[in-house]
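This report describes the fold of one protein, beginning with a loop residue and then moving through the sheets and helices.

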Amino acid sequence: MICKKLEECINGELQSASLEKCDNKNKMNCIESSDRRSAVKCEENKKRYVLENTKKNHVILYKMDGGIIAEDKSVPLNTSKCDYLFIIGDATPTVVLTELKGVNVSKALIQLKGTLLLYKNVFCKFGHVYARAIVTSSTPNLKASPEYVNLERMIRKDYNGNIKIVEKQFNEKDIEL
């Protein structure tokens with residue numbers, strides 16, 4: 001199922017009001033954390049992204065693949081989705097889409113873009129949207145690849161953000177996105 005109440009859920013979490021009726025059968029698997037902790041992390045197969053919450057904002061960490069978007073008969077085959085979604089509740093809330101990937105960097109970029117397109121009506125209301133790909137192998141020069149160029153242009157122009165591709169582990173401060 002593809003959650004149709006993501007925007008409602010985000011607003012409820014940021015205002016500390018839970019959704020009265022959540023249709024997502026996987027709702028227990030959607031939110032990994034929702035608080036003001038100093039570091040919020042996601043990890044998978046020795047790849048890790050850590051968001052250092054220096055401003056102590058409310059940060060929500062959603063599991064996208066298997067949570068917000070869970071494979072079932074209603075989800076079109078090969079729906080591209082990233083692994084995690086960070087929402088930073090600030091004066092202008094911010095989104096950080098994160099994909100933890102092995103060696104297929106272009107697939108990671110496609111998954112990030114797929115998530116952006118799937119929830120464009122939600123993400124367009126945020127001040128900034130950032131994309132992060134954490135990969136196993138060294139990052140090849142992707143600046144000329146169509147996947148990178150299209151995603152970078154979309155994020156910069158439409159969402160006032162940027163894209164970063166990093167090897168194995170990435171610690172990033174909220175003030176340095």
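## Loop residues with positive phi

Asn-160 sits in the loop that links H5 and E8. The model is a predicted one. Although Asn-160 is not a glycine, its phi is positive, at about 55 degrees. The relative accessible area of Asn-160 is 45%, so this residue counts as partly exposed.

A second residue of this kind is Lys-168, a residue other than glycine with a positive phi near 65 degrees. Lys-168 belongs to the loop between E8 and E9. With a relative accessible area of 44%, Lys-168 is partly exposed.

## Overall make-up

The protein contains five helices and nine strands. Read from the N terminus, the order of elements is α-α-β-β-β-β-β-β-α-α-β-α-β-β. The radius of gyration is 15 Å, close to the 16 Å that the globule rule gives for 177 residues, so the protein is as compact as a globular protein of that length.

The C-alpha trace spans about 45 × 40 × 30 Å along its principal axes. Of the 177 residues, 47% are buried. The accessible surface amounts to about 9,100 Å², and carbon and sulfur atoms hold 48% of that area. Among contacts with a separation of 6 or more, 68% are between residues 24 or more positions apart.

## The six-stranded sheet

Strands of a sheet are held together through backbone hydrogen bonds, in either a parallel or an antiparallel sense. In this protein, six strands make an open sheet with the order E1-E4-E5-E6-E7-E8 and mixed pairing. Strand E1 (31-35) and E8 are at the edges with a single partner strand each, so one side of each has no neighbour in the sheet. On average, neighbouring strands of this sheet are turned by 15 degrees against each other, direction ignored.

The table lists antiparallel pairs from the two sheets of the model, with a bridge position for each.

| Strand pair | Bridges | Residues opposite each other |
|---|---|---|
| E1 and E4 | four bridges | Asp-35 and Val-59 |
| E4 and E5 | six bridges | His-58 and Gly-89 |
| E5 and E6 | five bridges | Ile-88 and Thr-94 |
| E2 and E3 | six bridges | Cys-42 and Tyr-49 |

E5 and E6 also form a hairpin, with four residues between the two strands.

How many residues of strand E5 (residues 84-89) are buried? Six of its six residues are, which makes E5 a mostly covered strand. Both faces of E5 are covered. On one side Tyr-84, Phe-86 and Ile-88 are buried, and on the other Leu-85, Ile-87 and Gly-89 are buried. Gly-89 is also the residue that His-58 stands opposite, and Ile-88 is the one that stands opposite Thr-94 in E6.

Helix H1 (residues 6-14) lies across E1, E4 and E5. The angle at which H1 runs to E4 is about 145 degrees.

## The three-stranded sheet

A further open sheet has three strands in the order E2-E3-E9, and its pairing is mixed. Its edge strands are E2 (39-44) and E9 (169-173), each of which pairs on one side only. Neighbouring strands here are turned by 10 degrees against each other on average, direction ignored. E2 and strand E3 (residues 47-52) are antiparallel and share six bridges. Within that pair, Tyr-49 in E3 is the bridge partner of Cys-42.

## Helix H3

Does the span of helix H3 (residues 105-118) agree with or depart from the length expected at 1.5 Å a residue? The 14 residues of H3 should span 20 Å, and the end C-alpha atoms are 20 Å apart, so the two agree.

The buried residues of H3 are Val-105, Ala-108, Leu-109, Gln-111, Leu-112, Gly-114, Thr-115 and Leu-116. An α-helix has 3.6 residues a turn, so residues three or four places apart point the same way. The cover over the buried residues of H3 includes two helices' worth of contacts, from helix H4 (120-123) and helix H5 (146-159). That cover also includes strand E6 (94-101), strand E7 (128-135) and strand E8 (163-167).

Key
Residues are numbered from 1 along each chain as its sequence is written. This is a predicted model: local features need pLDDT of at least 70, side-chain atom pairs count only at pLDDT 80 or more; totals for chains, interfaces and linings use all residues. Side-chain values use heavy atoms; hydrogens and water are left out. Two strands pair if DSSP finds at least two bridges between them. Axes are lines fitted to C-alpha atoms, for helices over the stretch in contact, and angles run from 0 to 180 degrees between N-to-C directions. The radius of gyration is taken over C-alpha atoms; the globule rule is 2.2 Å times the number of residues to the power 0.38. Buried means under 20% relative accessible area, exposed over 50%, partly exposed in between (1.4 Å probe, protein chains only). Contact means heavy atoms within 4.5 Å. Accessible areas come from the Shrake-Rupley method with a 1.4 Å probe; for residues, only the protein chains shown count as cover. The expected span of a helix is 1.5 Å times one less than its number of residues.
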